[in-house]
Every structure is written in structure tokens, then in C-alpha cells.
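This briefing walks through selected side-chain features of one protein model, grouped by topic. Please keep the sequence and the coordinates at hand while reading.

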Amino acid sequence: MKLMNGWNTELVNQEVAHKMVTRRTNKKSKFAKIRTEWVWRNQLREFSSNAKLVGMYLLTAPSFNMIGLFAAPISTICIDTGLNQSAVLEAIEELTVSGFIKYNKEREEVWVLHMAGTQTGVGKLSANQEKGVINELIRLCESKFSFVDDFREAYQDVYKFLPETLDELEYDM
């Protein structure tokens with residue numbers, strides 16, 4: 001148990017996480033798959049409380065998408081998690097060093113590295129999932145989003161439908 005100004009941070013973080021989930025369920029439905037063995041046994045188990053909270057937030061953030069590349073402004077993470085800017089930056093650094101995410105501080109963009117595998121599955125995707133991945137990559141390319149080419153390179157062998165270069169991407173309706 002960590003006490004900060006007399007507060008049990010574990011309990012506070014649980015309450016903040018509950019508020020995040022409650023607030024999300026009141027909006028348009030959007031679901032995230034979180035494999036418990038992946039998160040707790042392999043990835044987030046050894047992290048600090050704040051890194052666990054920010055990691056779970058990034059897995060379920062209102063702006064997330066199925067491939068794990070999305071805008072994640074520090075100010076938004078602070079508001080949604082109840083953490084101060086310093087705590088969020090430390091958590092992001094911890095998550096980055098561990099290989100859980102890549103974060104572009106200047107553009108405030110994140111890539112949750114293994115999110116595509118948990119959201120769409122690994123291996124053969126349905127035609128609609130393939131279209132969704134391609135269309136999301138095109139949208140991100142058009143906005144010059146960080147990490148798009150890194151994503152393509154990382155998933156090239158897993159998702160055979162990805163083109164050799166980003167220039168070959170075409171919308172699939």
C-alpha cells in the first residue's frame with residue numbers, strides 16, 4: 001500500500017479506473033478485448049501502480065482503435081485517470097522502456113505495441129477486419145501519424161494483406 005498525502009494510491013487508482021469504465025459505458029458502445037493473462041502475468045504485473053493504470057487506460061481509452069495507434073494527449077490522460085502530469089509522464093516512460101508502448105511526446109501519439117494482436121487476432125482475419133486495418137492505416141497515414149510504418153513493418157509477416165510500402169495502401173470499401 002502506497003500512501004500519498006494520506007491517500008492509499010492503490011484504492012484511489014481503482015476508484016479512478018471504475019469511473020473511467022462507468023463513463024465509457026454511458027457513451028457510444030466501443031469494446032476492447034483485454035486478455036488477462038497477457039496483461040497481468042506478462043506485461044503489466046511488475047509495473048508501478050500508475051503505470052498499470054495508464055497501461056489499462058491506453059488499452060481502453062475512448063480514442064483507441066483496433067490496431068493500437070491513436071492520439072493520447074497527456075492532458076486527457078491526466079483528466080481521465082486522475083493522475084497529475086508528472087505521474088502520467090513517469091508512467092509513459094515506464095511503459096515505453098518496457099516495450100509496452102511507443103509514445104511520440106511532441107505529437108502526443110501512442111502505439112500500444114501488441115494491441116492489434118489482441119483486438120483483431122493474429123493470423124487469418126475476416127475480410128471486414130482486413131478492410132478495417134487497411135482503412136485505419138490509410139486514415140493515419142493521411143494525418144502523418146507516428147509509428148504507421150513501424151506498425152506495417154512489425155505486422156508484415158502476421159498480416160499478409162499489408163502492402164510492402166505505405167504508398168501501396170488503398171481504401172477498401
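In which strand does Asn-104 lie? Asn-104 lies in strand E4. The model is a predicted one, and the points below take up the surroundings of this asparagine, then the aromatic pairs, and finally the cysteines.

**Asn-104 and its surroundings**

- With a relative accessibility of 17%, Asn-104 counts as buried, because the cut-off for that class is under 20% relative accessible area.
- A polar atom of the Asn-104 side chain lies 3.0 Å from the backbone nitrogen of Glu-106, and a polar atom of that side chain lies 2.9 Å from the backbone nitrogen of Arg-107.
- When residues up to four places away in sequence are left aside, Asn-104 touches Glu-109, Ser-146 and Phe-147.

**Aromatic pairs**

- The count of aromatic pairs comes to 4.
- One of them joins Phe-47 and Phe-100, whose ring centres are 6.4 Å apart and whose planes stand at 85 degrees, so the pair is classed as edge-to-face.
- Phe-47 is found in the loop between helix H2 (36-43) and helix H3 (49-60), whereas Phe-100 is found in the loop between helix H5 (85-97) and strand E4 (101-104), so this pair ties together parts that are 53 residues apart in sequence.
- Both partners count as buried, Phe-47 at 12% relative accessibility and Phe-100 at 1%.
- Tyr-155 and Tyr-159 form a stacked pair, with 5.1 Å from centre to centre and 15 degrees between the planes.
- The rings of this stacked pair also belong to buried residues, with a relative accessible area of 7% for Tyr-155 and of 0% for Tyr-159.
- Beyond the stacked pair itself, ring pairs link Trp-111, Phe-151, Tyr-155 and Tyr-159 into a cluster.

**Cysteines and disulfides**

- A disulfide is a covalent bond between the sulfur atoms of two cysteines.
- A search of the whole structure for such bonds finds 0 disulfides.
- Cys-78 is buried, with a relative accessible area of 14%, while Cys-141 is partly exposed, with a relative accessible area of 24%.
- The two cysteines fall into separate classes because the buried class ends at 20% relative accessible area, with Cys-78 at 14% and Cys-141 at 24%.

How values were computed:
Residues numbered from 1 in each chain as written. Predicted model: local features only at pLDDT ≥ 70, side-chain atom pairs only at ≥ 80, totals over all residues. Heavy atoms only, no water. Disulfide = S-S within 2.5 Å. Buried < 20%, exposed > 50% of the residue type's maximum accessible area, 1.4 Å probe, protein only. Phe/Tyr/Trp six-rings, centres within 6.5 Å; stacked < 30°, edge-to-face > 60°. Helix = DSSP H or I, 4+ residues; strand = E, 2+ residues; numbered from the N terminus. Polar contact = N/O pair within 3.5 Å; in protein donor to acceptor, adjacent residues only side chain to side chain. Contact = heavy atoms within 4.5 Å.
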